[in-house]
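Trainee: Could we go through the charged pairs in this model, and then its nonpolar interior? I'd like to start with the terms.
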Amino acid sequence: MDDVRASSAWVASHSSHVVVDSSGIEKVAERIDTIPKVKWDFEGIHYFDNGPLTVQYLFVLDALNFCFWPDKDLNYDNLAAGLKEAIQNDKSVFDADRLQKYTGSELRELLKWPRPLPLEDERVRLLHEVGFELERSFDGKASNLVESCGKSAVKLVALVTRHFPGFRDHSVYKGHQVFLYKRAQIFAADLWGAFGGQGYGEFYDIGSITIMADYIVPAVLRQLGVLKYSATLASTIEANTQIVAGSEEEVELRACSIYAVEKMKELISMKSGKKVLSIELDLWLWSFGIQCPALQHHRTLSIYY
């Protein structure tokens, strides 16, 4: 995760459209004595059986966890709960051989969604990719993928991005490679949260995981006064105009969010004298954001978040 932190810091120091406000970070850190604890499955929407089937469910979930906004009625809860119901009804629904054969209409049927999903062809392609590579390299089981990482979240992210191209969330920004790895990191974070840091969720280096840079966290950080946008970027977001994936604006929104939360984490840790995890901050910021329906986020068509 050093590449994620270093490249995000480089973007923040060369940013043209997004500014990380140090005084805003300090104000937030001053108001927080401890990170409000948010239970991983606080909405009760995820499947959990404390075994390998949960790992398979989470990997499929995180393979599909992106770009809900084009359908105003669709959100993450629909995906998580839809996949939960599917696996409760049929324990083989996410077997590797079946993942390779799903069509768009069959995926919609699994989720009980009445119309085409945003980026539906890409979602189907990624299901096929996950099924194929799990079968080829991990005997069809995401639990084998997790077991092969030796309880290292960093190694798990590296394995996922090495074997599954759809998780390779990086961009080129002003001639520099920028690594963000939202969905690969959230797989490790979901395992840690679901299993309570035990079993398949035990990682000795969980503190290495950064926040998962998506739509919600930058908008929350802006509302908190941590991020400031240029007038042009602010008007683009407020007009609900799409921002191109890989553009300077889009990379800055995500990378500056990672950098800002890392700085926030350092200040809160110094103030409290306790270790603070980025994923705890991420869950708190995300839960804060989804409870503010009026919060305006940027709009980018992307398979990465």
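Mentor: Before the pairs themselves, one cut-off is needed: a residue is buried under 20% relative accessible area, exposed over 50%, and partly exposed in between. Please keep in mind that this is a predicted model.

Trainee: Okay, so is E238 buried, exposed or partly exposed?

Mentor: E238 has a relative accessible area of 43%, and because partly exposed covers the range between 20% and 50%, E238 counts as partly exposed.

Trainee: And which residue does E238 form a salt bridge with?

Mentor: The partner of E238 is R222, and the closest N and O atoms of this salt bridge are 3.4 Å apart. E238 sits in helix α12 (residues 231-238) while R222 sits in helix α11 (residues 216-223), so the pair ties together parts that are 16 residues apart in sequence. R222 is partly exposed too, at a relative accessible area of 31%.

Trainee: How many salt bridges does the structure hold?

Mentor: The structure holds 16 salt bridges, and another of them joins the side chains of D71 and R115, with an N to O distance of 2.9 Å. This pair links distant parts of the chain, since D71 is in the loop between α3 (52-63) and α4 (76-89), whereas R115 is in the loop between α6 (104-111) and α7 (120-137), 44 residues apart.

Trainee: Is D71 buried or exposed?

Mentor: D71 counts as buried, because its relative accessibility is 9%, whereas R115 is partly exposed at 31%.

Trainee: What about a pair inside one helix, say K263 and E266?

Mentor: Both K263 and E266 lie in helix α13 (residues 248-272), three residues apart, which is about one turn of the helix, and their side chains meet in a salt bridge at 3.6 Å, N to O. K263 is partly exposed at 30%, and E266 is partly exposed at 40%.

Trainee: Which residues do shared salt-bridge partners join into one network?

Mentor: That network consists of D71, K72, D73 and R115.

Trainee: Switching topic, which residues touch the most other members of the largest nonpolar core?

Mentor: Those are F59, L156 and F187, in a core of 105 residues, and α13 gives the most to this core, with nine residues.

Trainee: What is L156 in contact with, leaving aside its neighbours within four places in sequence?

Mentor: L156 is then in contact with L145, V146, C149, F187, A188, L191 and F203. There is also a second, separate core of seven residues, which includes F66, C67, W69 and Y215.

Definitions and conventions. Residues numbered from 1 in each chain as written. Predicted model: local features only at pLDDT ≥ 70, side-chain atom pairs only at ≥ 80, totals over all residues. Heavy atoms only, no water. Salt bridge = Lys/Arg side-chain N within 4 Å of Asp/Glu carboxyl O. Helix = DSSP H or I, 4+ residues; strand = E, 2+ residues; numbered from the N terminus. Buried < 20%, exposed > 50% of the residue type's maximum accessible area, 1.4 Å probe, protein only. Core = buried A, V, L, I, M, F, W, Y, C linked by side-chain atoms within 4.5 Å. Contact = heavy atoms within 4.5 Å.
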